[in-house]
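Visitor: I should like to learn how to read the features of a structural model. Please take me through one.

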Amino acid sequence: MATLSQRSAERGALPIWRWVILLVAGVYFLIPLWAALRFAGVRAFGSVISETGFTSSLGLSVRLAIITTLVTIALMLPTAVYVHLRLPVLRRLLEGITILPIVIPPVVLIVGVLQIAPGFIKSTPYLLALEYVILAMPFAYRAIDAGLRALDLKTIVEASNSLGAGWAATLWRIILPNLTTALLSAVVLTVALVLGEFTMASLDLYQTFPVWIVVNDQTSGQVSVAASLLALFVTWLFLLAITVIGTRQSRRTGGGSVTLFTVARQETRGDR
Amino acid sequence: MDQTVAPPGSLADPGALGSVPGAASGPPAKLSVLGILRWLRRVAGVVPFGVYVTLGLLLPMVAVAVGAFQNNSGGFTFSNVKAATHGVYLHGFWQSIILSLLASVLPGIFGLLIAYAIYTAKRGTVLRQVAITASGVFANFGGVPLAFLFVATLGASGLATRWLADLGFNPYDHGFNLYSLAGVVVVYMYFQIPLMVLVILPALEGLRPAWREAAQNLGARTWDYWRHVGGPVLLPSFLGCVLLLFGSALSAYATAEALTSGTIPLTSIQIGSFLNGNVIAGQENIGKALGLGMVIIIAIAMLIYVALQRRAAKWLR
């Protein structure tokens, strides 16, 4: 027991070397943000909205983000649930496949996509949304997977089935409400990806928000910088709010704390 | 103990790619019609996902690979591959590999240290949640905005450059240049370190407190624990994550283009220039041969990754 309480104390108060690491990391990550903020100036943030092309490019990106998110959830949620319940042997294969978009260069992917996509999709920007579903897989799948691991999925599904609910009802009325935090994380990460993806959009010749930032940068650099900083902060605040609220709710129901990709398994930790 | 289960929510999952569906999901040994039907029914739930990945990821890759061996009229040729492995394109591959190695090992080490600092902080504290959510956002940050952040910071007249110059150490007098390979590495670390934090945290979570306590009870000091228990257990995961970062650095396009715009020949930028039409007509398929080359490099890295994760799976669950 002595070691346990000693460990807890150790974990509570960070020793000096951890402060040094976090300080160095803080300097590296915050100074560029500060430098950019100073360059953009406060006034640029006000004039972002009135900039030409801002509304139309952001509108396109938002539409792409909505489609991407809907398709991602509709595809990944049932697949993840099904694999967890029925085909656990496929879980590692699924994790292996969903990691691929991190390492496969988008610039290569778009070459192939433009070659094989049928004309009627290629002539619309929505081909991008369909490909963003692929790019979002690494983050979306892992967020959902972490949520599913934290549930006693088998028990609640059996309980639901024994009470006469079909598969659709179980998915919609039992699993979905229990996965709110995980799904919200998946959504925000997907939206962050779509709002920041430049490579495929620019090579597919559509002016999405990130492409507009680059084009507009040549005429009014300060406003472009302000716009990209805004996008960064807003996404981050959303993610933070989701995990804080999710953890609070999870605590109330006796679960572990919620982070993006890992959910605590209570019984193995000695720090609570 | 079931040793095949992955660590919770792990991006860097043990043996992920290696465990091709074998005994349990493959067709049963007795090839009866009923058996095949039952098997089809079992895997029916993953069919939509399989179809989507095939159409959106696999087929485009196949199209690139096929295009690499075609001339403009569709006939078979080796000339694209030959061009892609000579001269400026070969140089591009080398530069890309050197850059990716630097931009995966360095952020790998820093990311591990930061992840460990986060891991040892109490669960649910603000520090932890701020750090992890920030990692999720910064890992997706890149392109011109990122390039700009660093021009404003470490450019010739950037903020940090001026501070350092005031202290008597102007990095530009000591061979540093933001638009050189070293400069690009510094910039890439801005999204690579957060990615490392995200992928290595699950492996750290897999370290059992019980192991440390057992080691301490046997008289081990902190160093002994890391030398004989923690280090060996973490090493395969760490190397696997570094390989993942290697792939991520290799495939980066937007940031490199915004920052260097041709000063360093990188393969991803060369492929992009084929798409942008900045090349002599009749050579479009060289871009596909370059793409094939990148995919082969990635495939080699991923094979090593799989082998390493198999080892990691032995201990981390």
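Visitor: Among contacts in chain A between residues at least 6 apart in sequence, what percentage join residues at least 24 apart?

Guide: The model is a predicted one. In chain A, 78% of the contacts between residues at least 6 apart join residues at least 24 apart.

Visitor: How many helices and strands does chain A have?

Guide: Chain A has 13 helices and 0 strands, and its pattern along the sequence is accordingly written α-α-α-α-α-α-α-α-α-α-α-α-α. Of its 272 residues, 47% count as buried.

Visitor: How should a pair of packed helices be read, and at what angle do H8 and H10 of chain B pack?

Guide: Two packed helices are described by the angle between their axes and by the distance between those axes. In chain B, helix H8 (residues 181–205) and helix H10 (residues 222–251) pack at an angle of about 145°, their axes being 10 Å apart. The crossing of H8(B) past H10(B) is right-handed. Residues making the contact include B:Tyr188, B:Leu195 and B:Ile200 of H8(B), together with B:Phe238, B:Cys241 and B:Leu245 of H10(B). By class, the residues of this contact comprise 12 nonpolar, 3 polar and no charged.

Visitor: What is to be noted about phi of A:Leu205, and is the residue buried or exposed?

Guide: Most residues other than glycine have a negative phi. For A:Leu205, phi is near 60°, a positive value. This residue is found in the loop between helix H11 (199–203) and helix H12 (209–217) of chain A. A:Leu205 counts as exposed because it has 11 C-beta neighbours inside 10 Å, and the cut-off for exposed is 12 or fewer.

Terms used: Residues are numbered from 1 along each chain as its sequence is written. Chains are lettered from A and ligands numbered from 1 in the order in which they are written. This is a predicted model: local features need pLDDT of at least 70, side-chain atom pairs count only at pLDDT 80 or more; totals for chains, interfaces and linings use all residues. Axes are lines fitted to C-alpha atoms, for helices over the stretch in contact, and angles run from 0 to 180 degrees between N-to-C directions. Helices (H or I, at least four residues) and strands (E, at least two) are DSSP runs, numbered from the N terminus. A crossing is left-handed if the near helix is turned anticlockwise from the far one by less than a right angle, and right-handed if clockwise. Two residues are in contact if their C-beta atoms, placed from the backbone, lie within 7 Å. Ala, Val, Leu, Ile, Met, Phe, Trp, Tyr, Cys and Pro count as nonpolar, Asp, Glu, Lys and Arg as charged, and the others, Gly among them, as polar. A residue is buried if 20 or more other C-beta atoms lie within 10 Å of its own, exposed if 12 or fewer, and partly exposed in between; C-beta atoms are placed from the backbone.
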